[in-house]
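Here is a short, friendly tour of a ligand site for anyone who likes to think in contacts and areas. Please have the viewer open as you read.

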Amino acid sequence: MTSTTTNSDIPERFWTGIPGTFCSYTASVRWAIILQNAVDDTAKEIEAIKSGEVKVNNKDLTLKQGNAIKNQLITLREELINDVELRQFTPEELAVSNLTSFNEYLAARKGDKIRWNHSEWLFCEIYMYRRINCYFALQSEWTKFDIFNSLKQSTFKASLHGVVELAIRYKNLLPIWKQNVENKDWDLLEILFKEFIEISLWGNATDLSLLTNATLDDIKSIQGAKAREASESKIVVNDTKLAWKTIVNANKDRKGPVRIDFVLDNSGFELYADLMLAGFLLNTGLIDKCVFHGKDVPYMVSDVMIKDLDILIQDLLDRDFFPTGSSTTPDSQALDLFANEITNFRKQDKLSIEADPFWTNELDYWNLDPSETKYHGAQMHKELSQATLVIFKGDLNYRKLTGDRTWKRTTPWKTAIGPLAHNGLVTLSLRTCKADVQVALKEGVDEELCALWEKDHPGKGSWWSSSGKWAVICFSDGQ
Ligand SMILES: O=P(O)(O)OC[C@H]1O[C@](O)(CO)[C@@H](O)[C@@H]1O
Ligand SMILES: [Mg+2]
Ligand SMILES: [Mn+2]
């Protein structure tokens with residue numbers, strides 16, 4: 001595993017005890033809120049079962065188990081608030097979930113007395129979601145219950161405006177895409193690639209200003225460029241052109257099927273935006289196959305599980321979920337068309353979704369390398385090596401790519417991603433910035449944005465990178 005960084009100059013990871021960081025704020029404030037929401041949503045499910053609104057096989061047992069889970073979550077929240085030492089997973093928890101790597105981590109640091117507010121952020125945050133998941137996995141009537149599903153669904157439902165906008169744009173562009181399969185207008189395709197990359201990038205923002213009812217001419221017009229310029233100004237590192245070149249080269253000297261993999265982030269609108277990008281790439285013939293990598297357990301509140309793709313398609317076809325009038329209205333037809341497109345892609349095996357345990361353990365992506373043979377790092381590296389390009393979505397993936405370390409913010413991307421810079425994977429990180437870690441900035445950019453953010457957030461200027469208001473698009477050719 002050749003890496004451009006030697007051990008000595010690899011900085012510490014972000015630590016929940018560093019005062020004044022977004023990381024310590026997350027540990028001391030936000031996690032307790034996330035846990036309280038889980039308690040509340042469990043209580044709501046229990047009430048719905050009691051009232052008969054939710055039908056279950058064995059009502060008494062389900063209610064008894066539900067109350068046990070609710071009390072365990074309340075206790076976990078108290079542990080967090082009392083900043084107790086993190087315990088190992090028990091043998092019965094290990095029996096239902098892949099968690100040995102977490103116990104190894106804790107055993108190796110026994111002396112450090114790892115506590116909630118005294119731990120590496122990356123490990124501790126993921127550990128918390130695994131602790132939550134164990135409570136459900138250990139109760140026979142709750143093993144398939146996704147405690148975050150109601151939040152995932154309510155957020156997606158609220159995205160109606162953006163969902164319809166995108167579906168109509170897709171329907172309008174489809175004929176143009178199909179015309180480009182044989183003789184490609186590469187300039188046009190590049191403009192559309194940039195547009196759909198930005199749609200996927202900003203996935204969780206539903207007010208996609210790019211998506212006014214712009215016609216194709218608008219996109220190519222000055223006005224379109226102005227709209228794109230506005231949103232591009234928030235992208236402080238932008239390697240889109242390098243990713244585009246990779247796709248063009250793969251098309252021009254086709255040595256076999258062209259495949260793009262997505263290491264997914266959030267379900268709902270972000271997954272929907274990812275499907276739009278996949279639809280563009282598949283319908284123009286730029287790629288033959290798209291592989292989505294989701295999570296095997298509920299994770300980071302909103303991350304995609306395989307069942308969430310099925311639910312998304314059902315939601316698009318459900319006139320109650322998205323009230324777009326009768327099935328003959330233009331909006332309903334656009335949603336139905338898109339849902340059927342995705343269903344057909346899956347039937348034709350042009351789109352598949354998988355969920356390996358690697359994506360929900362605490363290992364950072366420096367372990368996405370042939371050298372990691374214990375927890376599927378090598379296996380996933382082999383799997384992703386079949387792709388022309390691997391797109392990593394969102395902030396947590398970015399934190400795992402960079403090891404969530406306290407790098408100088410001008411650290412080159414290829415330094416921050418360690419072995420991934422040289423182990424053959426061609427990668428693109430599409431990240432809305434929601435954490436302290438930030439690299440690959442040009443000289444002066446961080447100072448400028450810190451000063452800007454400081455104005456309205458005294459003492460927290462550097463939290464601009466945790467605000468979700470800026471984004472980065474970072475490419476590595478893996479060579
Ligand atoms: O869904 P995303 O973009 O990965 O964001 C998840 C991020 O949200 C946070 O919880 C915000 O702090 C981070 O811990 C995490 O990296
Ligand atoms: Mg996420
Ligand atoms: Mn996200």
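The report below looks at the surroundings of ligand 1 in this predicted model.

Let us begin with the site itself: among the pockets of the model, the space that ligand 1 takes is the largest. Around the ligand there are 13 residues, and those that come nearest are Phe22, Glu125, Asp265, Asp395 and Leu396.

Three pairs of polar atoms link the protein with oxygen atoms of ligand 1, as the table lists.

| Residue | Polar atom in the residue | Distance to an oxygen atom of ligand 1 |
|---|---|---|
| Asp395 | side chain | 2.6 Å |
| Leu396 | backbone | 2.8 Å |
| Lys434 | side chain | 3.3 Å |

Taken on its own, ligand 1 has 380 Å² of accessible area, and the protein covers 92% of that.

Where does the shell come from? At least two of its residues are supplied by each of helix H1 (22-51), helix H5 (121-137) and helix H16 (394-401). H16 gives the most, contributing four residues to the shell around ligand 1. On the scale of domains, both domain 1 (7-147) and domain 2 (154-476) take part, with at least three shell residues from each.

How do the shell residues around ligand 1 divide into nonpolar, polar and charged? Six are charged, four are nonpolar and three are polar.

Key. Residues are numbered from 1 along each chain as its sequence is written. Chains are lettered from A and ligands numbered from 1 in the order in which they are written. This is a predicted model: local features need pLDDT of at least 70, side-chain atom pairs count only at pLDDT 80 or more; totals for chains, interfaces and linings use all residues. Side-chain values use heavy atoms; hydrogens and water are left out. A residue is near a molecule or strand if one of its heavy atoms lies within 4 Å of it. A polar contact is a pair of N or O atoms within 3.5 Å; within protein, one must be able to donate a hydrogen and the other to accept it, and residues adjacent in sequence count only if both atoms are side-chain atoms. Accessible areas come from the Shrake-Rupley method with a 1.4 Å probe; for residues, only the protein chains shown count as cover. On a 1 Å grid over the protein atoms alone, a cavity is a set of points where a 1.4 Å probe fits but cannot get out, and a pocket is an open set with protein on both sides within 12 Å along at least five of seven lines; lining residues have an atom within 4 Å of a point. A molecule sits in a cavity or pocket if more than half of its atoms lie within 2 Å of its grid points. Ala, Val, Leu, Ile, Met, Phe, Trp, Tyr, Cys and Pro count as nonpolar, Asp, Glu, Lys and Arg as charged, and the others, Gly among them, as polar. Domain bounds come from an automatic or database domain assignment.
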